[in-house]
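Q: Please pick one part of this structure and take a close look at it. Then show how it fits with the rest.

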Amino acid sequence: MDTLNKRTNKGKVYLVGAGPGDPDLLTVKALKTLRKADIVFYDDLVSPRILGVCRKKIQMVYVGKRLGIHSCLQDEINTKLIQAANEYKTVVRLKGGDPSIFGRVGEEYSTLISAGISCEIIAGITTASGVASSLGFPLTHRDYAREILFLSGHKKDGVNSDSFKNLNCVGKTIIVYMGLNSIDLIVSELLVAGNSSETHIAVIQNATLNTERVFTGNLDSIQSIILENQVKSPAILVIGEIVRFYREMEILKNDYSSILTSL
């Protein structure tokens with residue numbers, strides 16, 4: 001009974017997905033939660049326009065985390081969330097994309113539950129889905145990809161090379177989050193695994209935003225394409241035949257536009 005009373009006297013923490021960037025892709029549930037929040041802890045990749053839906057004069061706390069640049073360590077964020085739950089009724093931890101996909105939500109969830117604090121995970125549209133809708137190609141297709149793999153270019157203690165060893169790209173759409181800085185290793189491991197140097201790959205910077213940039217190539221060319229175009233994070237990699245489908249659709253759209261222009 002004491003534990004129950006202790007839990008009900010504290011605020012509730014919502015671990016909320018902000019989506020891939022475009023404010024129109026914010027879920028209704030996330031929007032409702034943000035509008036009732038008393039304090040919001042937000043990440044580096046959360047769009048300023050999304051932050052703008054919050055009530056005025058609430059406390060906004062930046063706890064940005066990006067590869068190699070941490071304004072706040074994870075343990076510090078966990079402590080801040082516990083402290084906030086003791087002071088505020090509705091606490092929001094706002095993360096880009098979906099918090100359950102490479103968003104460290106498990107660490108925060110377990111810490112809060114262990115501290116006797118009520119919390120809820122609110123799903124967001126992950127960047128992979130945002131990219132597919134923004135660019136107009138599916139993640140799966142009966143003729144191009146029958147499987148989807150979500151991989152991270154990094155793990156807790158460094159570069160994630162294990163996920164790419166012996167990986168066969170045929171029949172798969174492979175989505176690599178945080179893979180831009182590991183592109184050399186990713187390409188090398190996929191080639192060593194026996195994948196063709198002509199395997200299609202795309203890199204998308206600032207997915208779903210007005211500043212979105214898309215570059216396509218293959219395992220042989222993508223590194224030079226990234227260098228030549230000075231592609232920066234945040235960026236996501238898409239590997240597989242579905243990238244060929246995207247190229248084919250772009251050619252069709254361009255041809256159709258040319259026909260309309262000539263009429």
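A: Helices (H or I, at least four residues) and strands (E, at least two) are DSSP runs, numbered from the N terminus. The model is predicted: local features need pLDDT of at least 70, side-chain atom pairs count only at pLDDT 80 or more, and totals for chains, interfaces and linings use all residues. Residues are numbered from 1 along each chain as its sequence is written, and side-chain values use heavy atoms, without hydrogens and water.

The part to look at is helix 5, residues 105–114. Start just past its end. G116 follows helix 5 and has a positive phi, near 75 degrees.

Now look at the inner face. V105, E108 and L112 are the buried residues of helix 5; buried means under 20% relative accessible area, exposed over 50%, and partly exposed in between (1.4 Å probe, protein chains only). They sit on the same side of helix 5, because they span an arc of only 70 degrees around the axis. That arc is taken from the directions that lead from the helix axis to the C-beta atoms. An α-helix has 3.6 residues a turn, so residues three or four places apart point the same way.

What lies over this face? The cover for the buried residues of helix 5 includes strand 1 (12–17), helix 4 (74–87), strand 6 (90–95) and strand 7 (118–122). Contact means heavy atoms within 4.5 Å.

Take helix 4 next. Its Q74, I77, N78, L81 and I82 meet E107, E108, T111 and L112 of helix 5. So E108 and L112 belong both to the buried set and to this contact with helix 4, and buried means under 20% relative accessible area. The two helices pack at an angle of about 40 degrees, and their axes are 10 Å apart. Axes are lines fitted to C-alpha atoms, for helices over the stretch in contact; angles run from 0 to 180 degrees between N-to-C directions.

The covering strands lead to a sheet. It is open, has five strands in the order 3-2-6-1-7, and pairs in parallel. Two strands pair if DSSP finds at least two bridges between them. Strand 3 (59–62) and strand 7 are the edges, each pairing on one side only. Neighbouring strands here are turned by 20 degrees against each other on average, direction ignored. Strand 1 runs parallel to strand 7, joined to it by five bridges. One bridge links V16 to I122 in strand 7. Helix 4 packs on this sheet too: it touches strand 1, strand 2 (39–42) and strand 6, and its direction makes about 155 degrees with that of strand 6.

There is also another sheet. It is open, with five strands in the order 8-11-14-12-13 and mixed pairing. Its edges are strand 8 (147–152) and strand 13, each pairing on one side only. Strand 12 and strand 14 (residues 235–239) are antiparallel, with five bridges. Q205 has A235 in strand 14 as its bridge partner. Helix 7 (residues 183–192) packs on this sheet and touches strand 11 (172–177), strand 12 and strand 14; its direction makes about 10 degrees with that of strand 14.

Two residues round off the picture. K172 is in strand 11 and counts as buried because its relative accessibility is 13%. Its contacts beyond four places in sequence are A145, E147, L149, I239, G240 and E241. N206 lies in the loop between strand 12 (200–205) and strand 13 (213–218). N206 counts as buried, at 15% relative accessibility. Beyond four places in sequence, N206 touches T211, E212 and P234.
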